[in-house]
Amino acid sequence: MKTLADLHALRDKLKADIKLRKDEGTIIIVGMGTCGIAAGAREVMSAILDELAARKLNDVQVRQTGCIGMCEKEVLVDVIRPGEPRITYGKVKPEDVKKIIADHVVNGRIVEDLVVGKIEQD
């Protein structure tokens, strides 16, 4: 890298790489507000991380969020697969995690009996 133009070219390439990484793969979001934690979100989060590790699903991002106002539905878990609606599962227990990962994350089949919300993606 010898010129300012080289530096700008590198920056643009890295920005594109980062954008690609952000836009690909499945995202799982666990409600970890006080209400979620009281309902067992830590145990659900641990079960998710354990199941992803056991299945070697390295392209799945796991995130956490605070309370979204549906405390009576906690533990809330969102699954966002690229190009598909965002699905919110409610009253998730650690024993539900294997089914959510196997059916929805891996095979694209929504676990209907746990769904509390669906948001179409842009």
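Colleague: Which pattern does the protein chain follow when read along the sequence?
Modeller: This is a predicted model, so everything here is read from computed coordinates. The protein chain contains four helices and five strands. Read along the sequence, they give the pattern α-β-α-α-β-β-β-α-β.

Colleague: In what order do the five strands form the open sheet?
Modeller: Strand 1, residues 27-31, runs parallel to strand 2, with five bridges between them. Strand 1 also pairs with strand 3, this time in the antiparallel sense over four bridges. Strand 3 and strand 4 (residues 86-89) run antiparallel and are joined by four bridges. The pairing of the open sheet is mixed, and the order is 2-1-3-4-5.

Colleague: Which strands stand at the edges?
Modeller: In the order 2-1-3-4-5, look for the strands that have a single partner strand each. One side of each is left without a neighbour in the sheet, so the edges belong to strand 2 (61-65) and strand 5 (115-119).

Colleague: By how many degrees are neighbouring strands of this sheet turned against each other on average?
Modeller: The sheet in question is the open one with five strands. Ignoring direction, the average turn between its neighbouring strands is 20 degrees.

Colleague: Which residue of strand 3 does I27 stand opposite?
Modeller: Strand 1 has a partner on strand 2, where Q61 is the bridge partner of I27, and T65 is that of G31. Towards strand 3, I29 stands opposite D78. For I27, the residue opposite in strand 3 is I80.

Colleague: How many residues of strand 1 are buried?
Modeller: From strand 1, I27, I29 and G31 point one way, while I28 and V30 point the other way. Both sets are buried. That leaves strand 1 mostly covered, and the number of its buried residues is five of five.

Colleague: Which residues of strand 3 point the other way from V77 and V79?
Modeller: Strand 3 covers residues 77-80. V77 and V79 share one direction and are buried, and the residues pointing the other way are buried too: D78 and I80.

Colleague: Which residue in the hairpin of strand 3 and strand 4 takes a positive phi?
Modeller: In this hairpin, V77 has Y89 of strand 4 as its bridge partner. Five residues lie between the two strands. The one with a positive phi, near 75 degrees, is G83.

Colleague: How far does helix 3 reach from its first C-alpha to its last?
Modeller: Helix 3 spans residues 41-54, which is 14 residues. At 1.5 Å a residue, 20 Å is expected, and the model comes close to that, with a reach of 20 Å.

Colleague: Within what arc do the buried residues of helix 3 fall?
Modeller: An α-helix has 3.6 residues a turn, so residues three or four places apart point the same way. In helix 3 the buried residues are A41, V44, M45, A47, I48, E51 and L52. Turned away from that buried side are the exposed residues R42, D50, A53 and A54. Seen down the helix axis, the buried ones line one face, because they fall within an arc of 160 degrees.

Colleague: What covers the buried residues of helix 3?
Modeller: Both strands and helices contribute. The cover includes strand 1, strand 2, strand 3 (77-80), helix 2 (34-39) and helix 4 (97-106).

Colleague: Is K56 buried or exposed?
Modeller: Most residues other than glycine have a negative phi. K56 has a positive phi near 55 degrees and lies in the loop between helix 3 and strand 2. Its relative accessibility is 64%, and the cut-off is over 50%, so K56 counts as exposed.

Colleague: What is the relative accessibility of K91?
Modeller: K91 also has a positive phi near 55 degrees, and K91 sits in the loop between strand 4 and helix 4. K91 counts as partly exposed, because its relative accessibility is 48%.

Colleague: Where does V75 lie?
Modeller: Most peptide bonds are trans. The bond from E74 to V75 is cis, with omega near 5 degrees. V75 lies in the loop between strand 2 and strand 3.

Definitions and conventions
Residues numbered from 1 in each chain as written. Predicted model: local features only at pLDDT ≥ 70, side-chain atom pairs only at ≥ 80, totals over all residues. Heavy atoms only, no water. Pairing = 2+ DSSP bridges. Axes fitted to C-alpha atoms, helices over the stretch in contact; angles between N-to-C directions. Expected span 1.5 Å × (residues − 1). Buried < 20%, exposed > 50% of the residue type's maximum accessible area, 1.4 Å probe, protein only. Arc of directions from axis to C-beta. Contact = heavy atoms within 4.5 Å.
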